[in-house]
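Trainee: I'm new to this structure and a bit lost. Could you give me the overall picture, and then a really close look at one part of it?

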Amino acid sequence: MSDLTHLSLADARDALTSKKISAVELTKAHLSAIESARILNCFITETPELALKQAAASDERIAGGQAGPLEGLPLGVKDLYCTNGVRTTAASRILDDFTPTYESTVSGNLIRDGAVTLGKLNLDEFAMGSSNETSAFGPVISPWKRKGDPGAKIVPGGSSGGSSAAVAAHLCLGATATDTGGSIRQPAAFTGTVGVKPTYGRCSRWGIVAFASSLDQAGPIARTVRDAAILLRSMAGHDPKDTTSVDAPVPDYEKAIGASVKGRRIGVPKEYRLDGLSAEIAGLWDQGVQWLKDAGAEIVEISLPHTKYALPTYYIIAPAEASSNLARYDGVRYGLREPGRDITDMYEKTRAKGFGPEVRRRIMIGTYVLSAGYYDAYYVRAQKVRSLIKRDFDEAFAAGVDAVLTPATPSTAFAQGEQGSTDPVEMYLNDVFTVTVNMAGLPGISVPGGLAANGLPLGLQLIGRPFDEETLFSLASAIERAAPNFDFPQPWWR
Ligand SMILES: NC(=O)C[C@H](N)C(=O)O
């Protein structure tokens, strides 16, 4: 077989189980792809020895007829997941050389099912950002190029930018990611990949560095809808160590691929047709509607009246939770410590040195909205609006809508430095279509819809009923079949 990194995860699985290729061979092909793509800065930590050891064990299990569902498949892990014996940074200096003595439940589930782990993927610091430019380990460069602009360094989206870029550049067959306000779906849309944000509670958050605990959710990024379905099945499941994880059976999501969508009711929310929405994004959305119609779905216009409050509400709740979660980085319990005159001075120096500007901004906003005198005006009010946003969706689903279709992002990927350098709100606007899903705890998927005139990928988003990821997989696979084919970028980085 020619280039093993160009197999889909599903095809690689089949080639491994039928012994056409070995896990060691497949792993070596990915390790050498990673080595020749360092300029993209996708990985913070590479773990080639560990990967080869896991691959050899996989080959033995395959030979012994004991292959797990992901046996021998090389994956990347977002560096927000704690990994036993492997440095975990959250792309922050504050964690320094923190090396967990335990494995996050979700990455542990992948390893249990036979996956090979290639290393830890870059991200925005503590997952705060939409372009991977806030990482203390430097930005990730997307493998994609804007037409006629070879010098521009295109961002892979964020915060899971290492995951999306590595998958798009064929450095791994799939990757883990996390989504608090769009961090799986937006980078997937920017890189022509598929990203799934499962229902809140579908995957365990145990062992994943916390950002905003009521919004955070783990999920996969992959090159096809089928591959994402295979990964989610292994990642999901109840975990007694996370009291918010739900004890519900995990379906075989792969069975939803190619399933008929005839008669499924798709809601198109009029509030997402923002003033100033670009003609290209509006066109993509109309196209998506047509593809689902052609596949037999029924389209209904719906109203989600509180949509316009979602972004400001998210940027109160998420920083509030972050300011509380990040209080633990005090120079005593984890990583970095800057000596000071007394304990307060040590705290201040450690936190000033350890956190980057975006993380500091969020901690300050969060502390402000939680402080006496402002708590009711901001935090409590934001929680009330959050309930209204959730109720909008509840009502749409109660009226018989099976899923909601929207664009994933308001634009294609931009170049480094082009957004948010003077005004952080410009960066926050990237999340305008994605944050509602986290606020309501719903599942969402981003699926490619083809390429824009500038040559960069476009993504459509489907939002589903709680714990109905299956419907999203079947609808997304219908879009995947209908959308124009595109090739991932040729490896200019080698
Ligand atoms: N973490 C996320 O889901 C990304 C979002 N853009 C944020 O900065 O909060």
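Mentor: Sure, let's begin with how the chain folds back on itself: among contacts between residues at least 6 apart in sequence, 77% join residues at least 24 apart. Keep in mind that this is a predicted model. The protein chain has 15 helices and eleven strands. Its radius of gyration is 21 Å, close to the 23 Å that the globule rule gives for 494 residues, so the chain is as compact as a globular protein of that length. Along the principal axes, the C-alpha trace spans about 65 × 55 × 50 Å, and 56% of the 494 residues count as buried.

Now for the inside. In soluble globular proteins, nonpolar side chains tend to be buried together. Here the largest nonpolar core has 145 residues, and C42, L75 and A476 touch the most other members. Helix α9, residues 310-325, gives the most to this core, with nine residues. Take L75 as a sample: leaving aside its neighbours within four places in sequence, L75 is in contact with a group that includes L110, V116, L118, C172 and A175.

A word on the record before we zoom in. An unreviewed UniProt entry carries the annotation "domain: Amidase" over residues 25-472. That stretch of the chain is 35% helix and 14% strand, with its end C-alpha atoms 34 Å apart.

The part I'd look at closely is the annotated active site. For "active site", the unreviewed UniProt entry lists K78, S159 and S183. They are spread over 106 residues of sequence, yet they cluster in space, with a largest C-alpha distance of 11.3 Å.

Let's start with K78, which sits in strand β2, residues 74-78. You might expect a lysine to point at the outside, but is this one buried or exposed? K78 has 32 other C-beta atoms within 10 Å, and the cut-off for buried is 20 or more, so K78 counts as buried. Beyond its neighbours within four places in sequence, K78 is in contact with L121, L123, S160, G162, S163, A175, T176, A177 and T178.

Next comes S159, in the loop between β3 (116-121) and α5 (161-168). S159 counts as buried because it has 35 C-beta neighbours inside 10 Å. Not counting residues within four places in sequence, its contacts are L123, D124, A127, M128, G129, N132 and S183. So S159 touches another residue on the annotated list, because S183 appears among its contacts, which are pairs with C-beta atoms within 7 Å. Look at the backbone here too: the peptide bond from G158 to S159 is cis, with omega near 5°.

That loop has one more backbone surprise. F126, which also lies between β3 and α5, has a positive phi of about 50° although it is not a glycine. To see why I'd point out both: most residues other than glycine have a negative phi, and most peptide bonds are trans. F126 counts as buried because it has 32 C-beta neighbours inside 10 Å.

For contrast, there's N41 in the loop between α2 (23-35) and β1 (43-46). N41 is not a glycine either, and its phi is positive, near 60°. With 19 C-beta neighbours inside 10 Å, N41 misses the cut-off of 20, so it counts as partly exposed.

Back to our site, and to what surrounds the ligand. The shell is made up of A127, M128, G129, S130, S159, D179, T180, G181, G182, S183, A318 and D431. Notice that S159 and S183 are in that shell, and that A127, M128 and G129, which belong to it, are contacts of S159 as well. By type, the shell divides into three nonpolar, seven polar and two charged residues.

So here's the picture to keep in mind. K78 comes in from strand β2, S159 comes from the loop ahead of α5, and S183 touches S159 while also lining the shell around the ligand. Just remember that the active-site label for these three comes from an unreviewed UniProt entry.

Technical notes: Residues numbered from 1 in each chain as written. Predicted model: local features only at pLDDT ≥ 70, side-chain atom pairs only at ≥ 80, totals over all residues. Helix = DSSP H or I, 4+ residues; strand = E, 2+ residues; numbered from the N terminus. Buried ≥ 20, exposed ≤ 12 C-beta atoms within 10 Å, placed from the backbone. Rg over C-alpha atoms; globule rule 2.2 N^0.38 Å. Contact = placed C-beta atoms within 7 Å. Core = buried A, V, L, I, M, F, W, Y, C linked by C-beta atoms within 7 Å. UniProt positions renumbered as here; feature names shortened; annotations may be inferred. Near = placed C-beta within 6 Å. Nonpolar A, V, L, I, M, F, W, Y, C, P; charged D, E, K, R; others polar.
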